[in-house]
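Reader: Please present the model, and then let us discuss its helices, core and charged pairs.

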Amino acid sequence: NLDLLVSEKFVDAGEEGVKRDRGPLLPQGQVQTGVVIRDPDRIVAGGQIAERQGSTSARASQSIYSERAWTRFKSRKLRQEGREYGYFTDVLDIMLSSGAAYVGVLRAQAHARIQRKNIQLTREYLELARVRLEVGVANASELYRWQVTLAENQSDVVDTRAFVDQTKVELNRVLNRPSEQPIAPIDLPIDDAGRAQPPEDPIGKYMADPWSFEQLREFMVREGLRNSPEARQIAVQKDARQRIKEGRARELWLPELFLEGGVQDDFWRDGEGATTPPLLEAIGLPQPDKFGWDVGLFLAIPLSRGGSGVADMRENAILVERLGAEFARVEQNIDTGVRTELYNAAAALASVGFNRNAAEAAANNLRLVTDLYRRGKVDIITLTDAQTQSLVADLAAADAAYDYVLALLFVNREASHFRNLDTVDAKEDFSRRLNEWVLAAETAEITAPPAP
């Protein structure tokens, strides 16, 4: 997915940022070469500086302790961890988008299947109307009416096929595949009547009664808080800001300590000062040394920065409090989101049963009315009404099944874990923990003392 690729590159760039901020803590070095021409009137005879001089130097330094450098590095590492959790958030969002697009394709294919079944039924009724016309129990208007209905059904099938193709293009986009690449997603199981069956999910049985459903909501909220990369991202961001706040406080009084040294070689000297005059050399002044070195230990103590250090520390203290409030808000959003989506899933699961019952009743009614129409007991209006009712009921039953799948995906997203992709062992572990949670709640309720 291209959106995920963008997020991945953001994380990769952050890794390089960590390495950059680690740099000042490691040995620093440079080599420099150059030529300098100076004013001869300012050259001191017998010194180390010549009028024309070419030098090569190498210098190195090592920070022994720098609170600012350590603060920058450690806070950057924590922020990078936050970026990684942000990437996991994007992964979950893309998984939800992929799942929704996948369900969209299945729903469109189911609609197309139902519409094709309905158009075949209309063709049968058209043939039946021709027979009725031939035997004299119907007039030509009845035949024309079925021809109009067939044309309308054919138009519906064409629209449905176009929608199937559109949903496949969207799924290919989410998966970063060529738009027209063939794709045949695996559908839900189909019963004998050709209706999609809802998937089996461990949480489904806990939606049957209010008490079990309440325990399920509490358990899934806890799962969401435990799994949430959003919450972990805010937590590490708070840790990073806390580290900056503490570092800024220590910077006010802790000194920086570093070691620095180097060597220099004057490979070319000419003009004034290039050599020591004989008279000065006779009195013991040596010729200039072309090679030199130095090493030093330095201690830098902060005295005053115009109050900016204190202001920086207070600013970060406020930002720590802000992230604390942000963490509480994320927790609240997780709690609200999990509960809301579970209510939607419970309603969708109940709707599956209701709509299947309605579809079965509508199918039975259609068979009855068809038989009556064949025997001339009812008119065409009654049959078309029964056919339309059966079609609508079948579409609603299909929608209910896929709505439940979609609701489960949203529950998984709010809980930050897509259980449909788990291994068998992980699924068994989830079911075990859920059962233990409900049993523990039931035991605690049984052993609790009665209310006064």
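**Charged pairs, core and helices**

Author: Glu223 is buried, and Arg433 is buried as well; buried means under 20% relative accessible area, exposed over 50%, and partly exposed in between, with a 1.4 Å probe and protein chains only. This is a predicted model, in which local features need pLDDT of at least 70 and side-chain atom pairs count only at pLDDT 80 or more, while totals for chains, interfaces and linings use all residues. Residues are numbered from 1 along each chain as its sequence is written, and side-chain values use heavy atoms, with hydrogens and water left out.

Reader: How far apart are the closest N and O atoms of Glu223 and Arg433?

Author: The two residues form a salt bridge, that is, a side-chain nitrogen of Lys or Arg within 4 Å of a carboxyl oxygen of Asp or Glu. Glu223 lies in helix α4 and Arg433 in helix α9, so the pair ties together parts 210 residues apart in sequence. Helices (H or I, at least four residues) are DSSP runs numbered from the N terminus. The closest N and O atoms of Glu223 and Arg433 are separated by 2.5 Å.

Reader: Which residues are linked with Glu223 in a network of salt bridges?

Author: Side chains of opposite charge can pair when their charged atoms come close. The network that holds Glu223 also links Arg226, Asp429, Arg432, Arg433 and Glu436.

Reader: Which residue forms a salt bridge with Glu142?

Author: Glu142 belongs to helix α3 (residues 140-174), and its partner, 10 residues away, to helix α2 (residues 67-135). Both residues are buried. With the closest N and O atoms 2.9 Å apart, the partner of Glu142 is Arg132.

Reader: Which helix supplies the largest share of the largest nonpolar core?

Author: A nonpolar core is a set of buried Ala, Val, Leu, Ile, Met, Phe, Trp, Tyr and Cys residues joined through side-chain atoms within 4.5 Å. The largest one has 27 residues, and Leu216 and Leu342 are among those with the most contacts inside it. At least two residues come from each of α4 (210-227), α5 (229-251), α7 (308-374), α8 and α9 (424-447). The largest share, 8 residues, comes from α7.

Reader: What distance does helix α8 reach from its first C-alpha to its last?

Author: Helix α8 covers residues 380-414, 35 residues in total. The expected span, 1.5 Å times one less than the number of residues, is 51 Å for α8. Close to that expectation, α8 reaches 50 Å.
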